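User: I would like a close look at one part of this protein, set against the chain as a whole. Please take the sheet at the start of the chain and follow its strands one by one.

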Amino acid sequence: MITIKGLTKSFGERVVLNGIDLEIPEGKITVIMGGSGGGKSTLLRHLIGLNKPDEGLILIDNENIVDLSFNQMNEVRRKFGMLFQGSALFNSMTVFENVALPLQEHTDLSEEIIKIIVKVKLELVGLTGFEDFMPFEISGGMKKRVALARAIALDPKIVFYDEPGAGLDPITASMIDQLILDLSQKLKITSVVVTHEMQSAFKIADQIVMLHKGKVLEIGSPDRIRNSQNPYVQQFINGEHEGAIPFKQTSEAYLKGLLET
Amino acid sequence: MRDFFGSIGSAAAFLFAGVARLFGLFARVSSAALFSGAAKKPTRHNAVFHQMVLSGVDSLPIICLVGCSMGMVLALQGAYQLKQFGAVMYTGSLVSVSVARELGPLMAAIVIAGRIGARMAAEIGTMKVQEEVDALTTMGLDPIRLLVVPRCLALCFTLPCLVIVTDVVAMIGGFVIGVLSVGINPDLYISKSFDALVLKDIYTGLAKSFLFAALIGLVSCHQGLSVEGGADEVGRATTQAVVTSIVLIIVVDCLATAVFYYALPS
């Protein structure tokens, strides 16, 4: 479904993505993990076409999206939905208008049909009856669910999630995880989740990709990652402050590390 | 010396780059607005109407206050000078012509740059910070068509209307002072006001206000879209939107007045 080959991106001297090769299987949940500054969010921004790589290919349904024009890319974007870390709901619009926007703009459906679709999508995320609320009137977890309803409004084949549990209490974060699982299992949606929350990753993932300093460090099923002998992976999944990545380092080592990533 | 010329060069390059970006945005906004009818999805009329209420109806109180004060001050100061030549009865002419040709469009544009330009830059800047603009892009929707076009279209319609209101209110303000304070006969004041006005005064003023509206809309939306980062950047963009708009309004006013003066002699 999504194939990434030799993806490289630098910001000035700083190499953020360093030759990433990755295969994201259809209908499965792929979790991309890694420490802060590891390149997760940059990789995601490349997948949704917000950034252009210096080198490499991104194939979605065998179409290389790297060289597409703005209008061509917009056609590809109809295949996917995106859940942003901060929900990114339009604050001047109601919950209904937020979910209805992609339908009004991309389809010729009548207002009546759009109303029904929005109702169905909101029901899917457990928010029936919240149509007329403004985003500032609902909680962070509810905003995430509205954003998810908006992301799946056009029945996309792929949904990208950027830190879906960030800033939420454990129960709400777990509800969001369950929604991701439901969408994947019931609607056969291909999911790409960027997170650094281990519990959530092991709960939902079919495949886990571990990124470190812009490279794929480890890739495989949750069990394989759990049993990995790589010291970075072990330090990461056990949440230890000392290990392969030292807690304190000299200023020279810190500078070198920054320039390497 | 080298540093001096270097800094002048980099400032000039910065200025030209800014002007080029503004023209780029202008091209995208005009093509989106002009081909709106032919596009699969036209400009959202509700959004244009909403922006018209914000920039037009909601700005009426401050526009009236500024216009009235301006007319009063102009009548007082004008009468004070005209008295020396025994020409106090021409106060009405002075107020009406200077307001219609110059001060009405200029003051209304400056007030709207402060009130609506700042609002546009802050609103779009915050949307950028909160990833709402990225959300539009990832949905395959053009932020220029959905955010910039309705704001610019609405302002291009409402600012000329606000200028007419400013002109009328300023003339009323001038009339009140001319009659009550300076002691000019009301009929004489009104007849002198209208005698001096020609159609060109009105339409050149309105043409200028249309240009100012396009400038305020483009500059403010451009500043909003240029935000990268957090609250600090939104503050910078808002200030920059107002300052750049006001400077450009004054420069364009100067150029437009010269063009109208030489190209359209009375």
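User: Before you turn to the sheet, how many positive and how many negative side chains does chain A have, and how far apart do the centres of the two sets lie?

Analyst: In this predicted model, chain A carries 27 positive and 33 negative side chains, and the centres of these two sets lie 2 Å apart. The accessible surface of the chain comes to about 12,100 Å², and carbon and sulfur atoms contribute 52% of that area. As for overall form, the C-alpha trace spans about 60 × 40 × 30 Å along its principal axes. The radius of gyration of chain A, 19 Å, agrees with a compact globule, because a globule of 261 residues would have a value near 18 Å. Of the 261 residues, 51% are buried, and among contacts with a separation of 6 or more, 64% join residues 24 or more positions apart.

Chain A contains 10 helices and 10 strands, and the part you ask about is an open sheet of four strands, arranged in the order β2-β1-β4-β5 with antiparallel pairing. Its edges are formed by β2 and by β5 (63-64) of chain A, each of which pairs on one side only. In general, the strands of a sheet pair through backbone hydrogen bonds, in either a parallel or an antiparallel sense.

It is convenient to begin with β1. Strand β1 of chain A covers residues 2-11 and pairs with strand β2, residues 14-24, in the antiparallel sense over eight bridges. Within this pairing, A:L7 stands opposite A:I20 of β2(A), while A:S10 stands opposite A:V15, likewise in β2(A). The hairpin made by β1(A) and β2(A) leaves two residues between the strands, and there A:G12 adopts a positive phi near 65°.

Strand β1(A) also pairs with strand β4 of chain A, which runs over residues 55-60; this pairing is again antiparallel and comprises five bridges. Here A:I4 has A:I58 of β4(A) as its bridge partner. The sheet order β2-β1-β4-β5 thus places β1 between β2 and β4. When you inspect the side chains along these strands, bear in mind that in a regular strand they alternate between the two faces of the sheet.

Methods. Residues are numbered from 1 along each chain as its sequence is written. Chains are lettered from A and ligands numbered from 1 in the order in which they are written. This is a predicted model: local features need pLDDT of at least 70, side-chain atom pairs count only at pLDDT 80 or more; totals for chains, interfaces and linings use all residues. Side-chain values use heavy atoms; hydrogens and water are left out. The radius of gyration is taken over C-alpha atoms; the globule rule is 2.2 Å times the number of residues to the power 0.38. Buried means under 20% relative accessible area, exposed over 50%, partly exposed in between (1.4 Å probe, protein chains only). Contact means heavy atoms within 4.5 Å. Accessible areas come from the Shrake-Rupley method with a 1.4 Å probe; for residues, only the protein chains shown count as cover. Lys and Arg count as positive and Asp and Glu as negative; His and the chain ends are not counted. The place of a charge is taken as NZ of Lys, CZ of Arg, CG of Asp or CD of Glu. Two strands pair if DSSP finds at least two bridges between them.
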